[in-house]
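The following note sets out some points on the ligand sites and the internal space of the structure shown below. Please read it beside the sequence and the coordinates.

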Amino acid sequence: MALSSNASSVPATVSDGDEFTLPPLALRALPHISDYLPNPPALTNPIDRNPFYRPSDGFYIAPSDFILRHILFDLSSPSAIGDLLVAYHRAGPRRTIRFDPADVRAAVVTCGGLCPGMNTVIRELVVGLWEFGVPSGYRGFYSAEPLPLNPMIVHGWHKMGGTALATSRGGFDLEKIVDAIEARRFNQVYCIGGDGTMKGVVKIYKEIHRRKLNVSVTGIPKTVDNDIGIIDKSFGFQTAVEIAQQAISAAHVEAESAVNGVGLVKLMGRSTGHIALHATLSSRDVDCCLIPENDFFLEGKGGLFEFLDQRLKQNGHAVVVIAEGAGQGLIPRTDAEEKKDESGNPVFLDVGTWLKSELNKWWEEEHAGQLFTVKYIDPMYMIRAVPANATDNLYCTILAHSAIHGVMAGYTGFVAGPINGNYGYIPVEEAAVARNVVDTRDHKWEWVRTVTNQPDFVK
Ligand SMILES: Nc1ncnc2c1ncn2[C@@H]1O[C@H](COP(=O)(O)OP(=O)(O)OP(=O)(O)O)[C@@H](O)[C@H]1O
Ligand SMILES: O=P(O)(O)OC[C@H]1O[C@](O)(CO)[C@@H](O)[C@@H]1O
Ligand SMILES: [Mg+2]
């Protein structure tokens, strides 16, 4: 049963006499195990029998409950609204569930890079389902014994950074992974990871569908870079921004305490500058924020050197924040250096050490003999290896519960996540390719420009 619907067209009035018809809603269908299994059980949600809590009216989420992807519309161009009326099923408990809780054998795996909150998600999944932990990423399905977990074991995991299950890149072997899921008799699989992991989930759930297995698979989106689209933001991102600010504060103190001091901070962000942007906006100590979405150059009119020259003359110090993926095209590299990691992601050259060296060269050429220093701070791994803060812990908890509710209801091949402040279910095929990059035409980037007065680097 693929759940989808099209609400009928809605007449609306913009202003006096200006009536038009809103196009129909495009509610995204979710794959469900009943698409290929004839009669999955239909059981009453055990919450109904909970001695401590009586579900109130409206507690259970119905298939007709949805969330709009976009909530801002320009009613002056109704024809453009059609493409924006995309909706997703709401996440949360269903009255009818498709797995008997006594028969659940659930597995959880963590893949890709670290992110604050991974252990919180694992903890909540285990408290809900007594899951098995798959060690060391996707390869762990076929190369290691699963770890039986229970609420006593995971009790304090939300206070720990990293992933207690260990993670890895590469090692995705579809046949072996699904063979292992079958052999271990797992009937629920929870994959915590980024865009690469979600692409893996697409393949796993499709292979499970092809083999007609009674297994639901879900992806739990994790990316410290905040580069997965549709969802409001990814868990751990807020924590990472907080830690990034400590590095910026230190760079500011160092720069301010020197003569012509430049504090340089490199932050994560492979192809997106969200961490750099948010840390810049919340710190206010930053003179220039360099992100992958906005090319920059060093020399000549409108370049970084000219800007820093002015700032040092005005203030005696400056702070530069650079995302690791920025300026990669400016760094001389040989073909041999174009490395990829085990998952096929490009391995970047260190833009921080390169920029530090370029700044020193520039100063030596332009202002030889005058005092100058660059204090370079690279807190890259520090910002993602910490435990989640309170907000992220709560987010991870709701995320894990949303994933469980969706899987128990029989959905598969989906991702749970916050969409405009409410939790919804997104088909994983859509989530795996939806990118969230900094829009340099929007108000947030404009705000960075206004706060820093940095150049736009347009030649
Ligand atoms: N296209 C793909 N198809 C199947 N599996 C994939 C694909 N891309 C990546 N994977 C697998 O997903 C896992 C994680 O991928 P990757 O290392 O790219 O991290 P990620 O999930 O994108 O997380 P992050 O970007 O936050 O580090 C790896 O085991 C990798 O082999
Ligand atoms: O963990 P690794 O393999 O060093 O990869 C680092 C990359 O992982 C990320 O943290 C994404 O998860 C990127 O910001 C960074 O480029
Ligand atoms: Mg990735």
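Which polar backbone atom is 2.7 Å from an oxygen atom of ligand 1?

1. The polar backbone atom belongs to Gly170. Such a pair is a polar contact, that is, N or O atoms within 3.5 Å; within protein, one must be able to donate a hydrogen and the other to accept it, and residues adjacent in sequence count only if both atoms are side-chain atoms. The protein buries 86% of the 630 Å² that ligand 1 exposes when taken alone, with accessible areas from the Shrake-Rupley method and a 1.4 Å probe (for residues, only the protein chains shown count as cover).

2. This is a predicted model, in which local features need pLDDT of at least 70 and side-chain atom pairs count only at pLDDT 80 or more, while totals for chains, interfaces and linings use all residues. Residues are numbered from 1 along each chain as its sequence is written, chains are lettered from A and ligands numbered from 1 in the order in which they are written, and side-chain values use heavy atoms, with hydrogens and water left out.

3. Around ligand 1 there are 19 residues, of which Gly170, Asp195, Thr197, Lys222 and Ser343 come nearest; a residue is counted if one of its heavy atoms lies within 4 Å. Two further polar contacts involve oxygen atoms of ligand 1: a backbone N or O atom of Gly113 at 3.0 Å, and a side-chain N or O atom of Arg169 at 2.8 Å.

4. Arg169 also serves ligand 2 as a neighbour, with a polar side-chain atom 2.9 Å from an oxygen atom of that ligand. Polar side-chain atoms of Tyr381 and Arg384 lie 2.5 Å and 2.7 Å from an oxygen atom of ligand 2, respectively. Of the 400 Å² of accessible area that ligand 2 has on its own, the protein covers 80%.

5. The shell around ligand 2 includes Gly113, Asp225, Arg270 and Glu324. By class, the shell holds 3 nonpolar, 2 polar and 5 charged residues, where Asp, Glu, Lys and Arg count as charged, Ala, Val, Leu, Ile, Met, Phe, Trp, Tyr, Cys and Pro as nonpolar, and the others, Gly among them, as polar. Domain 1 (89-234 + 388-432) and domain 2 (237-330 + 343-386) each supply at least three residues of this shell; the bounds come from an automatic or database domain assignment.

6. Among the residues in the shell of ligand 2 are also Val224, Met268 and Gly269.
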